[in-house]
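Trainee: Please take one part of this model and examine it closely. I should like a single connected account, with each term defined where it enters.

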Amino acid sequence: MSLCLPTYVVIDASSSMKPHEAVLNATLSRLHYNLATNPRVSEFARVSVIAFSTDVHVVIPMSDMEQVPNMPEVICGGRTDYGKTFDRLRECIEQDVSSLRAQHYSVLRPTVFFLTDGGPTDANWRKSFRELVDRNRPRYPHVIAYGFGGAERGVLQVVATKALFIADGTDTESALSGAISGLLNTLIASSQTGQMQIATDVKGFEYVQVAQEYVD
Amino acid sequence: MTDLNPVADGSVPAVDPRGWPLPRAVGLGDLGPLAEPISEHNGQAVAVRPLTDHPGWLAKLYRPDPHPEDAQRIDLLISAPDTLPESERATLYAGTCWPAARIHGPGNPAVGCVIPMAPEHYRAELRRGKFSERRFLEIDWLAKSDESIRGVGLPRPAFGDRLEACRRLTELAAILEALGLVYSDWSFSNAFWSPDRRSVYLIDVDGCQPQKMPDIHQPNWADPLTPPGSDADHCTDRYRLGLLVAKCLTGQRDARAFHSVSLSPWPEQPALSEVLLDMLFATERERRPTAVQLNQALNNGPYLRTVPRPTRSALPPLPPLPASQTVPQPPAGTGAAETGTADTGTAKSGTVAEGTVVTRTTEKKKDPATTWNARWIWAFAFAVILLIVISIASNH
């Protein structure tokens with residue numbers, strides 16, 4: 001059976017990202033090109049792209065990116081609702097892992113790449129997050145977080161369960177590009193070994209080791 | 001059978017036929033300036049850097065954890081082609097980045113090695129949407145459907161193109177096997193493919209070792225009969241070579257490839273299916289056919305195997321089909337043809353909501369066969385109506 005890493009690219013598309021919308025879409029298109037033209041990575045990492053603001057939108061459902069004709073455009077606006085995002089992620093993971101297993105894949109622990117430029121605007125996000133990463137759920141994901149712009153370090157230190165990257169003062173557009181490159185390098189390295197290999201050298205970001213590294 | 005023993009009479013070619021001008025063991029400082037790395041932290045190499053004074057040559061610099069035996073091993077590799085017949089030596093040099101010199105430094109006899117740069121014709125423009133990039137084309141692409149290959153702007157390979165690439169691969173594997181070398185790293189990432197010249201180019205061959213070596217793990221390439229932690233040997237190589245050839249010939253990457261092989265869809269290569277199935281599913285690893293046998297089968301030859309035939313494990317279950325796919329096949333009576341389609345159209349519905357608006361592109365490709373059937377039905381109906389009208393008109 002083929003190994004498969006369910007991968008979720010979760011992107012903050014709230015109003016604070018509006019000025020950077022064009023760069024966000026160009027960066028996502030570049031990510032799509034790089035995945036779609038690298039069969040080994042697209043075979044290993046099945047990717048879903050999720051944009052969140054006031055609501056959560058599954059931009060690309062779990063797919064072999066080579067089969068996706070092009071990356072849809074994301075239009076930014078609204079609040080930064082973390083709670084709904086984590087709830088939706090939990091639902092997607094349940095559904096996607098079952099679907100991949102039905103296709104005879106050996107499914108690795110899902111990985112969430114969480115990119116945000118702001119703190120949560122909802123009050124109860126922690127409950128949703130705890131449910132998402134609850135170790136009693138067999139399909140809980142690893143979360144790798146990239147924070148830039150107005151992202152709150154303290155919040156991301158809670159959200160990141162595997163690795164945290166905080167922009168080192170670089171502007172939002174460069175940070176976006178750096179985060180997507182880091183994500184891509186992580187997927188490429190992981191596809192070569194069949195295990196999670198986090199690219200820690202990400203341009204424009206400080207790598208922060210996660211304080212509580214859980215043992216799987 | 002050739003092996004790595006030095007030529008007894010010392011008749012070693014004095015000059016590298018590929019044009020490497022310096023000795024086979026050279027100090028790092030003697031190479032001249034090194035250009036910016038073209039690759040870093042990849043496998044055993046810490047960097048691969050072009051030699052400014054020697055265009056077309058690269059310094060592959062290893063991680064700084066020297067193994068004293070590495071120097072001897074690299075020297076053996078460099079001199080190994082000397083023992084080959086002229087034609088095989090030419091094949092090996094043309095189809096691999098075979099090391100030309102060992103690089104030594106202060107206190108380290110094996111800092112790295114000098115290898116030739118892969119020829120330019122192994123690069124291709126990969127286009128998708130508005131992006132395009134010229135890169136080395138990994139053989140990974142041959143293990144994709146014709147539709148996928150066309151999807152990045154490459155020409156759709158005919159079955160003959162797939163066959164030729166696999167012939168070249170197995171030719172190289174047979175030479176390595178004859179030299180008693182284990183490669184272990186047979187996979188999609190270690191060979192380039194030239195669609196124009198129907199040739200392949202093997203990289204990372206400087207990692208080869210005599211008889212056995214640590215198994216290089218890559219996901220989806222694990223030999224089921226080589227337990228984790230044990231060394232890779234010629235049997236492991238045979239399994240991985242069979243896997244690579246099965247996938248490249250069928251354009252399928254999962255268990256479908258095995259089922260396609262078992263259908264033996266290649267009438268011009270009557271032994272091919274049996275050889276591949278023995279390589280992949282023989283329950284005794286020592287009974288796996290050799291690279292030479294696979295090469296013979298690919299060249300329309302017979303499969304001469306000892307009796308009793310190797311017992312084989314069952315094929316893995318067929319995964320559900322994500323999209324309609326067919327295996328590339330030759331047309332009746334010829335060795336090469338262009339066939340095979342795969343519907344890769346992905347239809348997605350759009351969503352519009354407060355805050356985040358996502359627009360989507362829907363692109364569902366029509367099945368050409370369905371389209372043609374519909375056209376024929378319409379043409380037939382039109383002809384019947386026309387006949388009725390003519391009949392009525394003639395009666396009047």
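Mentor: Domain bounds here come from an automatic or database domain assignment. The model is a predicted one, in which local features need pLDDT of at least 70 and side-chain atom pairs count only at pLDDT 80 or more, while totals for chains, interfaces and linings use all residues. Residues are numbered from 1 along each chain as its sequence is written, with chains lettered from A and ligands numbered from 1 in the order in which they are written.

The part I choose is chain B. Its domain assignment gives domain 1 (25–116) and domain 2 (120–298). Three terms are needed before the two domains are brought together. Residues are in contact if their C-beta atoms, placed from the backbone, lie within 7 Å. Helices (H or I, at least four residues) and strands (E, at least two) are DSSP runs numbered from the N terminus. By class, Ala, Val, Leu, Ile, Met, Phe, Trp, Tyr, Cys and Pro are nonpolar, Asp, Glu, Lys and Arg are charged, and the others, Gly among them, are polar.

Taken over C-alpha atoms, the centres of domain 1 and domain 2 of chain B are separated by 24 Å. Their contact draws 19 residues from domain 1 and 17 residues from domain 2 of chain B. On the domain 1 side, the elements that give two or more residues are helix H1 (68–79), helix H2 (86–95) and strand S6 (108–116) of chain B. That side of domain 1 divides into 11 nonpolar, 5 polar and 3 charged residues.

Next, the helix packing in chain B. Axes are lines fitted to C-alpha atoms, for helices over the stretch in contact, and angles run from 0 to 180 degrees between N-to-C directions. Angles under 35 degrees count as roughly parallel, over 145 as roughly antiparallel, 65 to 115 as roughly perpendicular, and the rest as oblique. A crossing is left-handed if the near helix is turned anticlockwise from the far one by less than a right angle, and right-handed if clockwise.

Begin with helix H4 (residues 159–178) and H5 of chain B, which pack at an angle of about 170 degrees with their axes 10 Å apart. H4(B) and H5(B) are therefore roughly antiparallel. From H4(B), Arg162(B), Ala165(B), Cys166(B), Leu169(B), Thr170(B), Ala173(B) and Glu177(B) meet His234(B), Leu241(B), Leu244(B), Val245(B), Cys248(B) and Leu249(B) of H5(B). This contact has 9 nonpolar, 2 polar and 2 charged residues.

H5(B), which spans residues 234–250, also packs against H7(B): the two axes come within 8 Å and cross at roughly 130 degrees. That angle makes H5(B) oblique to H7(B), and the crossing is left-handed. Here Arg238(B), Tyr239(B), Gly242(B), Leu243(B), Val245(B) and Ala246(B) in H5(B) meet Leu276(B), Met279(B) and Leu280(B) in H7(B). By class, the contact comprises 7 nonpolar, 1 polar and 1 charged residues. Val245(B) thus appears in the contact of H5(B) with H4(B) and in that of H5(B) with H7(B).

H7(B) (residues 272–281) leads on to H8(B) (residues 291–298), and the axes of this pair come within 8 Å and cross at roughly 155 degrees. H7(B) is therefore roughly antiparallel to H8(B), and it passes H8(B) in a left-handed crossing. Leu272(B), Val275(B) and Met279(B) of H7(B) meet Gln293(B), Leu294(B), Ala297(B) and Leu298(B) of H8(B). Of these residues, 6 are nonpolar, 1 is polar and none is charged. Met279(B) takes part in the contact of H7(B) with H8(B) as well as in that with H5(B).

Two backbone details complete the account. Most residues other than glycine have a negative phi, and most peptide bonds are trans. Gln211(B), in the loop between strand S12 (209–210) and strand S13 (212–214) of chain B, has a positive phi near 70 degrees. The peptide bond from Val307(B) to Pro308(B) is cis, with omega near -5 degrees. Pro308(B) is placed in the loop between H8 and strand S15 (351–352) of chain B.

Conventions
Contact = placed C-beta atoms within 7 Å.
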